[in-house]
Amino acid sequence: MSSIPTELHYTKEHEWVAGVDDGLTLTVGITAYASESLGDVVYVQVPEVGVTVAAGDAVGEVESTKSVSDIYAPVGGEVVEVNAAVVDDPSLINSDPYGEGWLFRVRLDGEAADLLSAEEYTALTSGES
Amino acid sequence: MPRPTPLRGVHTSLGATLTDFAGWLMPLRYGSESAEHNAVRRAAGLFDLSHMGEIFVTGPQAGHALDYALVGHLSVLEPGRARYTMIVNSRGGVLDDLIVYRLAPEEFMVVANASNYPAVAARLTERAKGFDAVVEDRSEQYALVAVQGPRSQEILAALTDADLDGLKYYAGLPATVAGRRALIARTGYTGEDGFELFVAGDDAEPLWTALTEAGAPHGLCPAGLSARDTLRLEAGMPLYGNELSTAVTPFDAGLGRVVKFDKPGDFVGRAALEPLKDVSPARRLTGLVAAGRRVPRRGYPVVLTGGGSTVVGEVTSGAPSQSLGRPIAMAYVDTAATGQELAVDIRGRHEPVEVVDLPFYRRNK
């Protein structure tokens with residue numbers, strides 16, 4: 001089990017959110033736990049820049065050899081940037097889920113609610129494994 | 001709790017992701033399933049297949065009992081050879097697909113799928129009544145290890161004196177491998193050359209270790225069920241539970257050739273299957289290649305591209321294909337839709353697919 005970065009926030013859908021503490025634009029990706037359970041990611045679809053999403057919306061999908069999962073917007077706001085590199089090379093989600101494997105950035109509209117701390121997320125995933 | 005195979009300890013020490021498959025705790029993958037897939041295509045992969053069932057049919061009329069019980073003509077099989085065949089019910093529905101090895105004139109080994117072998121053993125026992133033959137499920141005694149891929153022969157040759165050059169595809173011979181008694185069969189489920197080694201459960205781990213060592217210089221790596229599934233899909237091989245079930249006949253699956261109507265005597269399923277042999281089935285197992293990158297998966301509807309999205313079929317297996325670089329699928333498609341533009345309804349969006357002949361992948365011989 002890879003270690004869970006403590007500076008990030010998390011969702012029950014195994015996504016991570018960066019930048020919650022300082023700001024306006026949050027970065028979203030999927031956790032190492034999720035990428036390990038998926039296996040080799042072969043396709044990722046991210047939302048389009050400019051769309052407005054609400055927390056909990058299904059905004060994309062990530063496919064591996066064996067399965068497909070939805071990507072959810074962990075917070076509401078406008079999608080301001082997407083990671084073109086991960087669309088070209090979805091294996092970045094496996095090799096560097098918290099870094100080069102990021103998926104999209106959202107300009108926060110309102111507050112980031114119901115996110116988990118690293119500690120809470122660790123507890124969640126150790127319960128599942 | 002799923003049952004472990006004799007190689008459970010090996011899988012755990014290799015860090016495998018384990019999964020419950022048909023009641024067995026099996027390795028899904030050891031690392032990257034794409035890397036495992038590619039290793040089998042380019043070098044070799046090592047598989048634990050100990051979940052498969054081994055049912056022995058012995059006695060003076062063993063061959064005739066199998067002629068009655070199965071759709072194939074097994075009594076004419078030469079000792080040392082094997083056949084791909086099926087067991088069907090009286091309606092012609094597929095109960096399982098099988099490989100039958102004739103080990104000796106009066107000894108056959110029927111290899112059945114993990115999910116089916118207790119039922120297959122029961123049916124064989126029932127159908128062998130009245131024949132001078134004994135049916136015995138020896139699955140508990142056997143482990144099965146497979147080496148698959150173009151380097152398989154070189155790897156195995158380092159561990160046995162058996163004449164591998166003389167061992168044809170779909171043949172088997174008893175031999176010693178790494179000092180252990182084994183039945184070496186030149187069979188597989190990957191579309192590559194390769195061998196399946198039937199050994200006693202206690203011999204599985206030493207054999208695995210010896211193969212791992214002998215294979216290291218050749219690029220052999222352990223491969224899990226995930227790679228096995230994409231390999232067999234590319235090779236157009238059916239999986240029981242996906243392409244095969246009691247709801248389909250061998251003809252629906254494009255495997256009518258395994259039904260041997262010209263063998264003497266009756267067999268279970270003959271009356272139901274005979275009228276189907278010269279007619280086109282209402283639906284047919286079809287190969288699909290997706291135009292885009294989203295993967296058609298099991299259960300997704302196949303639809304006509306034009307004309308109101310009429311559903312004309314259903315995907316039975318689908319996966320991203322390493323060898324083609326695009327997603328592939330097998331699906332049952334209405335014969336009436338032949339020649340029409342098709343799409344697969346992938347979670348609400350219609351993704352165009354191209355109909356291709358099976359298999360998707362054929363190795364260079």
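Helix axes here are lines fitted to C-alpha atoms, over the stretch in contact, and angles between N-to-C directions run from 0 to 180 degrees. With that in hand, let's walk through chain B of this predicted model.

**First stop: two crossing helices**

Select residues 33-42 of chain B, helix H2, together with residues 225-234, helix H7. Their axes come within 8 Å and cross at roughly 50°. Angles between 35 and 65 degrees count as oblique, and H2(B) and H7(B) are therefore oblique to each other. Turn the view a little and you can follow the handedness: H2(B) passes H7(B) in a right-handed crossing.

Now show side chains. On the H2(B) side, the contact is made by B:Glu33, B:Glu36, B:His37, B:Val40 and B:Arg41. Facing them from H7(B) are B:Ser226, B:Ala227, B:Thr230, B:Leu231 and B:Glu234. Colour these residues by character and you will find three nonpolar, three polar and four charged.

**Second stop: what surrounds H2**

Stay with H2(B) and switch on a surface. Is this helix enclosed or open? Eight of its ten residues are buried, so H2(B) is largely enclosed by the rest of the structure. Among the buried ones are B:Ser34, B:Asn38 and B:Ala39, along with the contact residues B:His37 and B:Val40. To see what covers them, add strand S3 (24-29), strand S4 (44-48), S10, strand S14 (220-222) and H7 of chain B, which are all included in the cover.

**Third stop: strand S13 and its partners**

S10 leads on to the next selection. Pick residues 142-148 of chain B for S10(B) and residues 194-200 for S13(B). These two strands run antiparallel and are joined by seven bridges. Centre on B:Leu144, which stands opposite B:Phe198 in S13(B).

Then add strand S12, residues 180-185 of chain B, which pairs with S13(B) in the antiparallel sense over four bridges. Here B:Ala185 stands opposite B:Glu196. S13(B) itself is mostly covered, with six of its seven residues buried.

**Last stop: the barrel**

Finally, show the strands S15-S18-S17-S16-S19-S20 of chain B, which form a closed barrel of six strands with antiparallel pairing. From one strand to the next, the twist averages 45°. Zoom in on S15(B), residues 283-290, and S20(B), residues 349-356, which pair in the antiparallel sense over four bridges. In this pair, B:Leu288 stands opposite B:Val355.

Bring H7(B) back into view to finish: this helix packs on the sheet, touching S17 (311-320) and S18 (327-334) of chain B. The direction of H7(B) makes about 125° with that of S17(B).

Methods. Residues numbered from 1 in each chain as written. Chains lettered and ligands numbered in written order. Predicted model: local features only at pLDDT ≥ 70, side-chain atom pairs only at ≥ 80, totals over all residues. Heavy atoms only, no water. Parallel < 35°, antiparallel > 145°, perpendicular 65-115°, else oblique. Left-handed = near helix turned anticlockwise from the far one by under 90°. Contact = heavy atoms within 4.5 Å. Nonpolar A, V, L, I, M, F, W, Y, C, P; charged D, E, K, R; others polar. Buried < 20%, exposed > 50% of the residue type's maximum accessible area, 1.4 Å probe, protein only. Pairing = 2+ DSSP bridges.
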